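Me: Could you take me slowly through one part of this structure, namely the place where two domains of a single chain come together? I am in my first year, so please connect the points as you go.

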Amino acid sequence: MTRAVMDPTIAPPFPVAALTVLRDTQLRKNVAHATDVIQAKRALLVAEKKDWQQLRTAAAAIRAHALANLGSYLEEFEKRCTEAGGVVHWAADAAEARAIILKLLREENATEVIKIKTMTSAEIQLNPALEAAGISVFETDLAELILQLGGDEPSHIVAPALHVNRGQVREIFARRMGLQNLSDDPQVLTAAARTYLRQKFLSVPTAISGANFLVAETGSVAVVESEGNGRMCLTLPRTMITLAGIEKVLPKFKDLEILLQVLARSATGERMNPYTSLWTGVTPGDGPQRFHVVLLDNGRSQILARPKERQTLQCIRCAACLNTCPVYRQTGGHAYGSVYGGPIGAILTPQLMQMEHAQTLPFASSLCGACYAVCPVKINIPEVLIALRAQVVDQERGQPARWFDPMFLGMKAANVIFASARQFRAAQWASRVGLSLFTGKDGWIHRLPGLGARWTVTRDLRGIPEQSFRQWWAARDKEQM
Amino acid sequence: MTTSSSSRRTILDRIGAATALPAAKNSYDELPRDYAKFGELDSDACIHLMTERLREYGADVAQSTPELLATVIAEQVQQSGRQRFVVPPEIPAEWMPAGFEWKVDHELRATDIEKCDGVITGAFAGIADSGTIVLHHSNTEGRRIITLLPDWHLCILNASQLVETLPEYFQRCTQPPLLATYISGPSATADIEMTRIQGVHGPRFLSLILVRDDR
Amino acid sequence: MRASLFITCYNDTLFPETGRAVVRLLERLGVELEFRPEQTCCGQMHANTGFGCEAFAQAKRFVRLYQDSESVVIPSSSCVAMIRDQYAGLFEKYGDEELRKQLASVLPRIFELSEFITDRVGVEDVGAYFPHRVTYHASCHGLRSLHVGERPLRLLGKVRGLDLVPLANLDRCCGFGGTFSIKNSEVSSAMLETKLHDVVSTRAEYCTALDNSCLMHLGGALHRQYAGMQTIHLAGILANTEESATEKKA
């Protein structure tokens, strides 16, 4: 298994990366199974919730409001968190966030660190930076542990190892934990992870977490999880460092009554995840006595500035859009070349890259709208995809080399054609004549050259009929007169 | 904070510029909140639902009256086959039956708590709809660590503390808690092929005694 | 009742039989149809590929062309979705106040074919006869943007002789997505394969839909694979009557 490239600055274009995974039959089977299971559970629990649409409306409104007033809510969070004994740091980009965290770890003389699953830390590529500085990183979420020990990359926002099956986990654990005769029973494998990590929880004094929500009113941080590894990291170490995107803030504690309801149902198809932890700064005698929050911008404030694209930041990372997406269900997450895959990744990643990388992602969608239909905070992902496609095309307009791309040329030509009925009729005639060269005796086209081959590689195309509709109408009009 | 103070200004300035349009601002109090605020079940139905939900999660649920509580706890402790227990500093003495080892948590060390094979606590609230036990970590609910390391958590919840829906719990919080843990079943994972496995790092066994103080 | 037929560029060129069926069907229902030959395209392909200002030119053409129409009927749910969901944004960005007013005035008079028949003409039994086993594919835009709901199924349910077989995973995309099928040809094909599995499992003779775009995609693969199933636009089924069937045979 070759390791997927998850750095958007060097990842291959989506269609190229997708081609590799489309041939990986085991991965596709694993992804299809996992997404089917989560989708079915989610559908049941959403159906039983009579006020689901009202919850979605409220959740979307709260998130949009928090973003519209982001500056004041962040300052309020900072004030409350500081009053409660926390230290708030601000990181403009990934490099600064890594530097801040590294400096804090050095102050702790840390040689080891335990981590709760955080996609934001993968976004800033924290682990390689820590390892390079001689700090050993221990991922404690079961899925993250599987990936770390297997030298693999996350393929899903909520269940990062969903592309790996039990047989593969058994093989990884047996090899890396030195366990002979390990069975592939998930119960046994989970017990192996428990034993493997128990000592780390009790001995490593520094932990890193992400945040699901920041509460401005109280300065609290909320983390939702299932396994208890989060609670271990939040309770046992001496020092806790939380890395959070600036968009994670909610105005008030009471807003959690909405977001926790929609998050668990959307993410894992549960009424509530097994453990939700909420803490505020430092509590004397209970949990870490040193607490740092690193607020990460890394492109987010620029997303905020664009009116259509801003809704991207409403995301609460439930991954319901991934599970329902017919593209993601074929490719899994690695094809997206970013820790954020699926529909939300297709809009988030290129924007975090300030549209300088990952420009093929906004096109990695059939715009079917299934993502928007399930989104608990009503992000109109198709609308944002189209807005980003326009941004990419606008870049191309300024690059003369791109003007000769067949797709670009075709679009410009079509624009001229559609500008008048006379030109359109001429184009209809020309394409009928042109395509007749490729049309078989059965009236169908089986093989086309150039871009057309990308259609005929798997589908036939019916030849263009002799008479267009408008010709028929005109002829009929004449008859009737 | 010296390293990031200039970034603080930069980020807040960027945000300020991005959100400058007054049209985008809307008042917090006017946000739509048309979802269900209250449940529909009476006390018995609520207890039934809580019991059903917790059993789905693989937790044990028993009922008791306030008078019989000490006896019910003693039975459960006896049947658990466990010997050494940790408890929060302010739980009633009758919750600790004789014949077992009881460690009262006055800042016990993690290694000592780790040696206990059970923990008994109270709770702040219960939420029937999701089968959730809410801890605000008062002196009857204990520090976070004591309900984390032992393998069995026995929680005592009064029926009067049980609500049906999550918003009803939030209504009971007159002040936002600064520390809270919401527990919905024993620790679990579905990371391997979406197969739910109970018991990863938190307690693998969860029991609840519902005390009928409501009649 | 009068209505303008916006046939759409691809139906005009590739599927003229759908246009003829719409005419036969609606005239049978007493609708006085007109066809404005100045029409070309709604701009969907350009807008969805990121060519916003080009799409705007076509959107402007469309809105001006149908200012005075009593109703505009369009046998393609994705083109209707384009007009309803995207024109306002394009006019916000490139247009003026006058154009936005014109759009607001024309929008309520735009109908997708099944909407037009059930909501505007107000019938479900259109007197059609189609003695075949048929499955209905819900095109994404009809399902999630227009919310046509059960309308097409109710229309099909009233067709005499028709054996309607439900399609599993009705809400899943066939993988067409316009230029997506070219830019991401391999992923699009994989999606198509998943969809075909459900479609072929119905053992229907015909697969129908509101959009010839989905049907061109599905039909292209069914034809390539000798699958023994054809595609037909909903209009083609609804236009068919016992008389026209006998005529054909004779």
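Reply: What follows is a close look at the meeting of two domains in one chain of a predicted model.

Chain C is divided into domain 1, which covers residues 2–121, and domain 2, which covers residues 133–249. If you take the centre of each domain over its C-alpha atoms, domain 1 of chain C and domain 2 of chain C have centres separated by 22 Å. Where these two parts of chain C touch, 28 residues of domain 1 are in contact with 24 residues of domain 2.

Besides counting residues, one can look at area, and the size of an interface is often given as the accessible area lost when the parts come together. For domain 1 of chain C and domain 2 of chain C, about 2000 Å² is buried between them, and 61% of this lies on carbon and sulfur atoms. On the side of domain 1 of chain C, the residues that lose the most area to domain 2 of chain C are Arg28(C), Ser77(C) and Ser114(C), which together make up 22% of what that side buries.

We can now turn to the individual pairings across this interface. Between domain 1 of chain C and domain 2 of chain C there are 13 residue pairs in polar contact, counted where both residues have pLDDT of 80 or more. The rule for salt bridges finds one across the interface of these two domains of chain C. In chain C, a salt bridge brings together the side chains of Asp119(C) and Arg151(C), with 3.1 Å from N to O. Asp119(C) falls within the bounds of domain 1 of chain C, 2–121, while Arg151(C) falls within those of domain 2, 133–249.

It also helps to ask which helices of domain 1 of chain C supply at least two residues each to the side that touches domain 2 of chain C. These are α1 (9–14), α2 (16–28), α3 (44–49), α5 (77–94) and α7 (113–121) of chain C. Reading the residue numbers against these ranges, you can place Arg28(C) in α2 (16–28), Ser77(C) in α5 (77–94), and both Ser114(C) and Asp119(C) in α7 (113–121).

To draw the picture together, the side of domain 1 of chain C that faces this contact includes residues from α2, α5 and α7, with Arg28(C), Ser77(C) and Ser114(C) losing the most area there, and with Asp119(C) joined to Arg151(C) by a salt bridge.

Methods
Residues numbered from 1 in each chain as written. Chains lettered and ligands numbered in written order. Predicted model: local features only at pLDDT ≥ 70, side-chain atom pairs only at ≥ 80, totals over all residues. Heavy atoms only, no water. Domains from an automatic or database assignment. Contact = heavy atoms within 4.5 Å. Buried area = accessible area lost by both parts, 1.4 Å probe. Salt bridge = Lys/Arg side-chain N within 4 Å of Asp/Glu carboxyl O. Polar contact = N/O pair within 3.5 Å; in protein donor to acceptor, adjacent residues only side chain to side chain. Helix = DSSP H or I, 4+ residues; strand = E, 2+ residues; numbered from the N terminus.
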